[in-house]
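Trainee: I am new to this structure and would like a close look at one part of it. Could you pick a single helix and walk me through its surroundings?

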Amino acid sequence: MEKKSIINGKTIFGIILAIPVVLFVAGVLSAQIPWFSEKPPLEFNSDMDNQFKAKTQQGTSFFADRATSRPPVEGTVPREGSKYKLQMNEVASADSLYKNTLVKNDFVLARGKNRFNTFCLPCHGADGKGQGKVVQKGFAPPPSLVVQKASDYTDSKIFHIISAGQGVMPKYADKLSEVDRWAVVHYIRSIQEKNGLKPNSNQQLALSTSTKGE
Ligand code: HEC
């Protein structure tokens, strides 16, 4: 008797038709094909999507104070530059200890703007008037940087505030290099000038090579 094979032409045709349907359904479910839903895709295999790790700006149960951003460990030394020597309340010593020797040019101003817009804008606003997004969300509004008072600060004092913080404003000595902090000072001066102020810069440029003789 002739044995009827299960795999006949019809079956093969059916399988070939089914393949795209299966791929399409799998594609939609795994969100490879965006279609009708904005919900997160079904996870067939979560890979490493969910891990027990601390994410920046999110709380964690790992530390008692729940903060993920940790202060540098006691005794940490910077890889580049040197540790900022003054504490927040030692602003009076800033003028004699830290002088602005960074020559202002387009590159320095662009770098200062870039760092300002990254680290300061969230609170101080792009115009320096103190209405950044963080303030709009309820953080203490900082005073405007484009008023006579801030314009009268020396470069060293602004450098000190950036480095050591002031009141609730955190310090940035561990986040911005010394040169970047001076570049930010130059940038703040430039927006003060744009607002018609005459900044009280105590910049002390090194003697130019031509005056050194030889
Ligand atoms: C988390 C918000 C926040 C960020 C980010 C921030 N500041 Fe501040 N800043 C403040 C607050 C609030 C004050 C007022 C602090 C006080 O005097 O109690 C302040 C004060 C200042 C002052 C002194 C103003 C005055 O009239 O006394 C300067 C200068 C300043 N900030 C510069 C900067 C620079 C430059 C950056 C970026 C490197 C920066 N701040 C980042 C919140 C912030």
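**A close look at helix 7**

Mentor: Let us start with the whole and then move in. The protein has a radius of gyration of 30 Å, whereas a compact globule of 214 residues would have one near 17 Å. This is a predicted model, and its C-alpha atoms fill a box of roughly 110 × 45 × 40 Å along the principal axes. The domain assignment gives domain 1 at 11-40 and domain 2 at 91-194. The centres of domain 1 and domain 2, taken over C-alpha atoms, are 55 Å apart. Buried residues make up 20% of the 214 residues. As for secondary structure, there are eight helices and zero strands, so the pattern along the sequence reads α-α-α-α-α-α-α-α.

Now to our chosen part, helix 7 (155-164). How many of the residues of helix 7 are buried? The count is ten of ten, and the helix is mostly covered. You can follow the buried residues along the helix: Asp155, Ser156, Lys157, Ile158, Phe159, His160, Ile161, Ile162, Ser163 and Ala164. What do these buried residues pack against? Their partners are helix 2 and helix 8. After helix 7 comes Gly165, with a positive phi near 85 degrees.

Next, see how helix 7 joins the nonpolar interior. The largest nonpolar core has 24 residues. Among the residues with the most contacts inside this core are Ile158, Phe159 and Ile162, which you have just met as buried residues of helix 7. Ala183, Val184, Val185 and Ile188 are also in that group. Helix 3 (106-119), helix 7 and helix 8 (178-194) each supply at least two residues of the core. Helix 8 gives the most, with six residues. To see one of these core residues in more detail, look at Ala183. Leaving aside its neighbours within four places in sequence, Ala183 is in contact with Leu102, Val108, Arg111, Gly112 and Arg115. In the protein as a whole, residues 24 or more positions apart account for 56% of the contacts with a separation of 6 or more.

Helix 7 has a second role in the picture, around the ligand. The ligand is surrounded by 22 residues, and the closest are Cys120, Cys123, Pro142, Gly167 and Met169. Helix 4 (121-124), helix 6 (148-152) and helix 7 are the elements that give two or more residues to this shell. Which classes of residue make up the shell? There are 18 nonpolar, three polar and one charged.

For contrast, let your eye travel to the loop between helix 1 (9-29) and helix 2 (94-97), where Gln57 has its place. Is Gln57 buried or exposed? Gln57 is exposed, because there are 7 other C-beta atoms within 10 Å, and a residue with 12 or fewer counts as exposed. Its phi is near 70 degrees, a positive value in a residue other than glycine. Most residues other than glycine have a negative phi. Arg66 lies in the loop between helix 1 and helix 2 as well, and its phi is also positive, near 65 degrees. Arg66 is exposed too, with 11 other C-beta atoms within 10 Å.

To gather the thread: helix 7 has ten of its ten residues buried, supplies at least two residues of the largest core, and gives two or more residues to the shell around the ligand.

Conventions: Residues are numbered from 1 along each chain as its sequence is written. This is a predicted model: local features need pLDDT of at least 70, side-chain atom pairs count only at pLDDT 80 or more; totals for chains, interfaces and linings use all residues. Domain bounds come from an automatic or database domain assignment. A residue is near a molecule or strand if its C-beta atom, placed from the backbone, lies within 6 Å of it. Helices (H or I, at least four residues) and strands (E, at least two) are DSSP runs, numbered from the N terminus. Ala, Val, Leu, Ile, Met, Phe, Trp, Tyr, Cys and Pro count as nonpolar, Asp, Glu, Lys and Arg as charged, and the others, Gly among them, as polar. A nonpolar core is a set of buried Ala, Val, Leu, Ile, Met, Phe, Trp, Tyr and Cys residues joined through C-beta atoms within 7 Å. Two residues are in contact if their C-beta atoms, placed from the backbone, lie within 7 Å. The radius of gyration is taken over C-alpha atoms; the globule rule is 2.2 Å times the number of residues to the power 0.38.
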